[in-house]
Amino acid sequence: MSTLHNFIAGNWVPSASENTRPIYNPASTETLATVSLSTAAETHAAIDAAHRAFPAWRRTPLTDRVQYLFRLKARLEEDFEELAKTITLECGKTITESRGEMRRAIENVEVACSASVLTQGLFSEDIAQGIDEFTIRQPLGVCAIIAPFNFPGMIPFWFLPYALVAGNTVILKPSERVPLTMTHVFRILEELRLPPGVVNLVNGAREAVDALLDDARVQAISFVGSSATARYIYARAAENGKRVQCQGGAKNPIVIAADAHLESTVQVVADSAFGCAGQRCLAASMAVLVGDARAPFRDSLRDAAASRITGFGLDAVQMGPVISAESKARIGGLIATAEQEGARVSVDGRNPRIPSFDNGYFLKPTILEGLPLDSNVARTEIFGPVLSLHEADDLDEALAIINQGQYGNMACLFTASGDLARRFRSEADVGNVGINVGVAAPMAMFPFSGARGSFFGDLHGQGRDAFQFFTRQKVVVERWPRAVSRLF
Ligand code: NAD
């Protein structure tokens, strides 16, 4: 069985760390490979390489840098199925979900190819007599990306292609729980023959992250993960003077008005709550049923949860396992706490029987009813296939539920009323809004937003925000007195 290597300065380098961990298929619990948790010294070697590569890379014309992205897109398409399969094997989601994830990763490469337009500066002639003023967007230097486990293929691409094409050099640290997908992507990057040190892969956990946060040569940190880690990384990186963007956790409410279309809404809400086994930062976690929506939607959501087919993601199923035994135990524990806090478990997905996968980290969809809004579980990100049902008399009450939560990643409204929809999109204090959409995941040309406890920083991943994050604006005010030049 293989032990994964780091990719530093154009070479695959074994880690000397004695701290290793197995990578599991969460459905079968089979060990797929072993990953070393790199030391600070190994992380510094990657920073050295990226730092050395930067001066020549930033001077490589953008029109040449973008050619690597065109080739990257083509190679990702060629390996598309294999990459999707790797995601399913190490992360557990269904193959359809993994394909969707890789598609969004590739879309980010496509959008990053528009760098020649989106990194242009501005120019104002004659801002005073004989004086012009303009801006230049310049790369930052060494940029580090720290990724979570739940989208091993997509999330690094919210940042990597933009950072590269803008002229930065990059160090990626994938989640130590799912490093296989990025190992494959880096084999592709190796084939593209980028100059050594322009892209580097460091496997690891906290020690590697702290080395990135504390090294003065690292100019920028892009992080996605839980809010607790996001807060820590945001504070430490900012203290060290770095540019930083941290996307954190979520607790996403979905509001269903009485005029919402029953069948399609139930299907979309169930896909949002239980798709990817609820391990999406845009998973519906609370459904707020407004007025007369209560009875019909409660019954239909229970049916949708109870009938979802759960199993190994490469088989014909609708939902895979959660990532680990610890996650399964944590989610089961939160369901038990919810019961103690007054909830009724109307659909109970604990201890499911999954034929041929007896030991896998499976939970089936679970529905909680009557969970008090001020309970711990109603305020905690569960990150599993659990949906709590709540009630509100009108849209105002539903908006109050959304806006009093500590997170602000996504909120959705299901309705046939344009008036309600307009109010909702304006007043819901979240970064991503869905109207009759259950997973309001922004396309690559839009920022992947987030607000309040779900995001720390200013500029997000993807699209124009990513170009702004990975470039620094320089303003030039320029005067050329006429008398100076006697050449003409
Ligand atoms: P996590 O915070 O445990 O880990 C994320 C990354 O941080 C990993 O690379 C990990 O190695 C590193 N890390 C973890 N603890 C650390 C510490 N103490 N010091 C330094 N580094 C540390 O998150 P996860 O469990 O991998 O991912 C799930 C979380 O990510 C959920 O909360 C989910 O909502 C969130 N998420 C958010 C978004 C978004 O866009 N807002 C997208 C995907 C996932």
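**Exercise 1. The chain as a whole**

Work out what share of the 488 residues of the protein chain count as buried, and describe the overall dimensions of the chain.

*Solution.* Start with burial: 58% of the 488 residues of the protein chain count as buried. Here buried means under 20% relative accessible area, exposed means over 50%, and partly exposed lies in between, with a 1.4 Å probe and protein chains only. Before going on, note that this is a predicted model, in which local features need pLDDT of at least 70 and side-chain atom pairs count only at pLDDT 80 or more, while totals for chains, interfaces and linings use all residues. Residues are numbered from 1 along each chain as its sequence is written, and side-chain values use heavy atoms, with hydrogens and water left out.

Next, the dimensions. The C-alpha trace spans about 85 × 60 × 40 Å along its principal axes. A compact globule of 488 residues would have a radius of gyration near 23 Å, and the 24 Å of the protein chain agrees with that. The radius is taken over C-alpha atoms, and the globule rule is 2.2 Å times the number of residues to the power 0.38.

Then the surface: the accessible area is about 20,100 Å², and carbon and sulfur atoms hold 50% of it. Such areas come from the Shrake-Rupley method with a 1.4 Å probe; for residues, only the protein chains shown count as cover.

Last, look inside. Among contacts with a separation of 6 or more, 73% link residues 24 or more positions apart; a contact means heavy atoms within 4.5 Å.

**Exercise 2. Strand β16 and its partners**

Is β16 buried or exposed, and which strands pair with it?

*Solution.* First, place the strand among the 15 helices and 22 strands of the chain. These are DSSP runs numbered from the N terminus, with helices being H or I of at least four residues and strands E of at least two. Strand β16 covers residues 386-392, and because six of its seven residues are buried, the rest of the structure largely encloses it.

Now find the neighbours, remembering that two strands pair if DSSP finds at least two bridges between them. Strand β13 (residues 284-290) runs parallel to β16 over five bridges, and one of the partnerships is Val 290 with Ala 392. Strand β15 (residues 366-369) is also parallel to β16, joined by four bridges; here Leu 368 has Ser 388 as its bridge partner.

**Exercise 3. A strand with two faces**

Which residues of β19 lie on its covered face, and which on its uncovered one?

*Solution.* Sort the residues by face: Asn 432 and Gly 434 are covered, whereas Val 433 and Ile 435 are uncovered. Then look for the pairing: strand β18 (residues 410-414) runs parallel to β19 through four bridges, with Met 410 partnered by Asn 432.

**Exercise 4. Positive phi outside glycine**

Find the phi values of Ser 356 and Asn 436, and say where each residue sits.

*Solution.* As background, most residues other than glycine have a negative phi. Ser 356 has a positive phi near 75°. Ser 356 belongs to the loop between β14 (344-347) and β15, and counts as exposed at 70% relative accessibility.

Asn 436 has a positive phi near 55°. Its loop lies between β19 (432-435) and β20 (451-452), and Asn 436 is partly exposed at 37%.

For a third case, turn to the hairpin of β3 and β4, where six residues separate the strands and Thr 29 has a positive phi near 65°. Strands β3 (residues 20-24) and β4 (residues 31-36) are antiparallel, with five bridges, and Thr 20 stands opposite Ser 36.

**Exercise 5. Two helix residues**

Which residues touch His 44, and which are in contact with Val 269, leaving aside neighbours within four places in sequence?

*Solution.* Take His 44 first. His 44 lies in helix α1 (residues 40-59) and is partly exposed at 31% relative accessibility. Its contacts are Ala 211, Asp 215 and Arg 217. Although His 44 and Arg 217 are 173 residues apart along the chain, their C-alpha atoms are separated by 9.8 Å.

Now Val 269, in helix α10 (residues 262-274). At 0% relative accessibility, Val 269 is buried. The contacts of Val 269 are Ile 254, Ile 256, Ala 284, Leu 301, Leu 387 and Phe 414.
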